[in-house]
Amino acid sequence: MAPAIAPMKPSDIAENSFVKALAESSALSSVPSQFAFANDSRGSHSDSIPIVDFSLLVSGTPDQRAKVLQDLDNACREWGFFVLVNHGISESLLKDIIDASLEYFELPEEDKRRYEAKSPSDPIKSGSGSVINTANHRVHLWRDFVKSYVHPEFHCPDKPKKLRDVLVEFSEKTRSVARKLLQDIGQNLGLEEGYIDEVLKLDSCFQLYAANYYPPCPQPDQAIGLPAHTDHGLLTFLIHNGVAGLQIQHNGEWFNTNSPHNSILVNTADHLEILSNGKYKSVRHRAVVNSEATRISVVMANGAAPDAIVRPAGPLVEQDGRAYYHPMKFIEYVETMLSNRLEGRSNLDCIKIQDD
Ligand SMILES: O=C(O)CCC(=O)C(=O)O
Ligand SMILES: [Fe+2]
């Protein structure tokens with residue numbers, strides 16, 4: 001006989017209770033109604049997600065570099081997403097940041113509750129979160145998270161002890177790779193060398209570390225880890241513990257991503273769409289859950305300086321004859337987004353300049 005389903009009372013699931021504990025409760029054989037999310041989580045398989053070889057951008061022959069610049073441009077234009085290989089960040093650092101993030105989620109609840117978000121500008125936040133769906137109902141997500149601003153000011157949860165050093169190094173290394181990619185993206189967009197660095201004040205660029213913990217879910221089709229969204233920032237870097245779950249949208253279809261060991265998934269995010277005046281699109285993606293294994297992803301969002309005003313690049317506006325996006329201060333954009341999670345609607349829609 002199927003085990004009796006212990007009904008969850010709405011009061012059992014506070015806005016910021018952690019899904020990990022719920023998923024581990026032995027009584028749980030179905031998804032509590034607060035998590036119910038109409039969901040077709042199927043994704044197509046794709047071998048054609050672009051791959052960008054970072055080492056050839058840095059030290060390839062002129063021909064090799066020209067070819068990879070082209071790969072990078074196509075990836076940003078066609079997919080808004082690519083798999084970065086040979087990036088020079090050590091395998092042990094990638095493993096350490098995943099392990100330290102996992103240790104964070106394994107802390108007692110009271111340690112994590114210290115970071116319950118009180119305001120969107122809190123530099124460290126932790127919880128599980130919810131979204132308002134298209135029917136205007138609040139839906140809880142099947143994931144726990146921790147987020148921390150790590151640059152230009154470094155913040156980090158106190159525990160686990162090892163997280164701080166690992167995160168400092170991961171932030172430095174990813175920042176340097178992101179800046180190099182942005183230089184090359186600037187070249188691909190026909191911008192002068194140093195243009196992006198200067199107008200977005202990348203010496204003080206904003207970086208946000210986020211780790212997501214998706215426990216096994218008894219009914220994966222009835223819940224969602226993270227619904228479709230785009231990211232703030234210029235380039236998001238994502239690594240995971242080898243359990244599949246990230247899907248990206250391409251030509252209206254959802255694709256499962258799979259990435260070679262030690263690679264980094266990169267997506268062109270909202271502020272690159274704005275800067276490029278729409279030449280590069282911020283790709284919609286989502287995280288689906290499974291019934292078998294815990295999935296962990298670690299995300300580093302790389303953006304402009306908090307006080308930089310992000311707008312379409314002047315030379316591109318001249319070429320296109322108009323700007324397609326309103327200017328907005330970077331940190332205001334991020335904090336509006338962090339405080340206002342609406343399924344399927346993005347901040348980008350708000351700052352797009354509609355055709356007359
Ligand atoms: O966990 C994933 O694969 C997706 C995470 C993500 O999109 C995010 O944190 O913005
Ligand atoms: Fe995302």
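This report describes the fold, the ligand shell and some backbone features of a predicted model.

**Overall fold**

The chain has eleven helices and 16 strands. Its radius of gyration is 20 Å, close to the 21 Å that the globule rule gives for 356 residues, so the chain is as compact as a globular protein of that length. Along the principal axes, the C-alpha atoms fill a box of roughly 65 × 50 × 40 Å. Of the 356 residues, 40% count as buried. Among contacts with a separation of 6 or more, 79% come from residues 24 or more positions apart.

**The sheet and its helices**

An open sheet is formed by eight strands, in the order S1-S2-S12-S9-S14-S7-S6-S3, with mixed pairing. Strand S1 (51-53) and strand S3 (124-127) are the edge strands, each pairing on one side only. From one strand to the next, the twist averages 20°. Within the sheet, strand S9 (residues 235-240) pairs with S14 in the antiparallel sense over six bridges. Phe-237 has Met-300 in S14 as its bridge partner.

Helix H3 (residues 62-79) packs on the sheet, where it touches S1, strand S2 (81-85) and strand S12 (264-268). The direction of H3 makes about 150° with that of S1. Helix H4 (residues 91-105) also packs on the sheet. Its contacts are with strand S6 (144-151), S7, S9 and S14, and its direction makes about 115° with that of S14.

**The ligand shell**

Ligand 1 is surrounded by Ala-210, Asn-212, Leu-226, Asp-231, Leu-238, Gly-245, Leu-246, His-285, Ala-287, Ser-297 and Val-299. Strand S7 (207-214), strand S13 (285-287) and strand S14 (295-302) each give two or more residues to this shell. By class, the shell has six nonpolar, four polar and one charged residues.

**Backbone features**

Most residues other than glycine have a negative phi, and most peptide bonds are trans. The table lists departures from this pattern.

| Residue or bond | Value | Loop |
|---|---|---|
| His-151 to Pro-152, cis | omega near 0° | Pro-152 between S6 and helix H6 (163-188) |
| Lys-159 to Pro-160, cis | omega near -5° | Pro-160 between S6 and H6 |
| Lys-201 | positive phi of about 50° | between helix H7 (195-199) and S7 |
| Asn-277 | positive phi of about 55° | between helix H8 (270-275) and S13 |

Lys-201 is not a glycine, and neither is Asn-277. Lys-201 has 17 C-beta neighbours inside 10 Å and therefore counts as partly exposed. Asn-277 is buried, because 22 other C-beta atoms lie within 10 Å and the cut-off for a buried residue is 20 or more.

Methods: Residues numbered from 1 in each chain as written. Chains lettered and ligands numbered in written order. Predicted model: local features only at pLDDT ≥ 70, side-chain atom pairs only at ≥ 80, totals over all residues. Near = placed C-beta within 6 Å. Helix = DSSP H or I, 4+ residues; strand = E, 2+ residues; numbered from the N terminus. Nonpolar A, V, L, I, M, F, W, Y, C, P; charged D, E, K, R; others polar. Pairing = 2+ DSSP bridges. Axes fitted to C-alpha atoms, helices over the stretch in contact; angles between N-to-C directions. Contact = placed C-beta atoms within 7 Å. Rg over C-alpha atoms; globule rule 2.2 N^0.38 Å. Buried ≥ 20, exposed ≤ 12 C-beta atoms within 10 Å, placed from the backbone.
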